[in-house]
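Here are my notes on the model you passed along. Have it open while you read.

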Amino acid sequence: MPELRYDILSGTCTIIASDRAKRPNDFKAAQKYEGPVPEIDPNCSFCVGNENETPPEVYALRDAGEANQPGWRVRVVPNKFPALRSAETAEIDSGMIDTEAAPEADDTSMYWRMPGIGAHEVVVESVKHNGTLGTYTVEEMAVILETLKQRYRVLSDDKYISYVQIFRNWGPEGGASLLHPHFQIIGLPLMPPEVSREVSHFREYESKTGRCLMCDYIERETEKDERVALKNDEFIVLCPFASRFSFETLIVPRKHCVTFSELDNEKATQLAEVFTSLFRAYENMFSSLSYNIVFHTLPPPKRSRKHPTDHWHIHVYPRLNVEAGLEKGAAVWINPVPPELAALQFGGKG
Ligand SMILES: [Zn+2]
Ligand SMILES: [Zn+2]
Ligand SMILES: [Zn+2]
């Protein structure tokens, strides 16, 4: 019997179509073998030796060499084709452009717009053109996470940026246009709707119960132990109750923690552990899986602002099922893999 489930974080609905329950092998497109990827591709702008093909780096962790030369382990560069321009390149500080959202014309409030000011950076996470999250060592992964945190902090401090979105696109269905493994960071001049919706659900829950929605959610999931994919002392990985995507997972700090900026060395190592184990499992289940990784974390609280209600987390959305009419038109998803079954595949109890 299919079942409708409500997702308390996003406010969307999913039809868990257990009647058509699928296993990893049933997703043929994600099992295609594309042939080996070389460790270095001389035609790739992110590969070692081609540093001059990207805009100058804004951050790098190096064992040797000077900026924009080989010798780096992780390298952060502005996107060559940014979705949003930085205030500097747009010459905002000249005072010629009003950065506030404004109606298009005085006589209407129906059309609002604002200049596309923000930031768009690429985190080239490895020197290996064929690197994957499931093949990195815990140490390599921890360095990537530390780098993401550094840039998240810097961009959060930018006065034109209201929200910093960290994400990783992988595979053709995930929207990745370059093969070389990389994360992206976009600094947005406003709070994005998906995050605002989640935050309002946190606030609503807190005003009713006095507690954190995520803390209560992971406590219940830990007790039930039906949808826990894996965990260590600091992090838990769940297959969400109303998973919109087959084999979707949610990575959450087990102790209440508002923002990603609070990640210290010990926690970075533990997060790296769950990341590498989780993606090793994904890579064992699917030889060619497209997905999106999305961090949800409010900016670190500024001096004057009260600590907001939130509990940062990371969504992993495998792109095995397509977003079609029902998803687009009604925000109702159909997922043929019950999360309890997905958790079993990750080694959980299910
Ligand atoms: Zn490359
Ligand atoms: Zn919490
Ligand atoms: Zn979220």
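Is the crossing of helix 1 and helix 4 left-handed or right-handed? I'll get to that in point 3, after some ground rules.

1. Ground rules. This is a predicted model, so to speak: local features need pLDDT of at least 70 and side-chain atom pairs count only at pLDDT 80 or more, while totals for chains, interfaces and linings use all residues. Residues are numbered from 1 along each chain as its sequence is written, and chains are lettered from A and ligands numbered from 1 in the order in which they are written.

2. Overall build. The protein chain has 6 helices and 15 strands (DSSP runs numbered from the N terminus: helices are H or I with at least four residues, strands are E with at least two). Its radius of gyration is 21 Å, which agrees with the value near 20 Å for a compact globule of 350 residues (taken over C-alpha atoms; the globule rule is 2.2 Å times the number of residues to the power 0.38). The C-alpha trace spans about 60 × 55 × 40 Å along its principal axes.

3. The helix pair. The crossing of helix 1 and helix 4 is right-handed (the near helix is turned clockwise from the far one by less than a right angle; anticlockwise would be left-handed). Helix 1 covers residues 138-156 and helix 4 residues 265-285; their axes come within 8 Å and cross at roughly 115° (axes are lines fitted to C-alpha atoms, for helices over the stretch in contact, with angles from 0 to 180 degrees between N-to-C directions). On the helix 1 side, the residues that meet helix 4 include Met-141 and Leu-145; among their counterparts are Leu-271 and Phe-275 (contact: C-beta atoms, placed from the backbone, within 7 Å).

4. The 10-strand sheet. This open sheet runs in the order 3-4-7-9-8-13-14-12-11-10, with antiparallel pairing (two strands pair if DSSP finds at least two bridges between them). Strand 3 (59-62) and strand 10 (228-231) are the edges, and the twist averages 15° from one strand to the next. Strand 8 and strand 13 pair over 4 bridges, with Asn-169 partnered by Asn-292. Helix 3 (residues 213-224) lies across strands 10, 11, 12 and 14, at about 70° to strand 11.

5. The 3-strand sheet. Here the order is 1-2-15 and the pairing is mixed. The twist averages 25° from one strand to the next. Strand 2 and strand 15 are parallel over 4 bridges, and Ile-15 has Ile-334 as its bridge partner.

Terms used: Contact = placed C-beta atoms within 7 Å.
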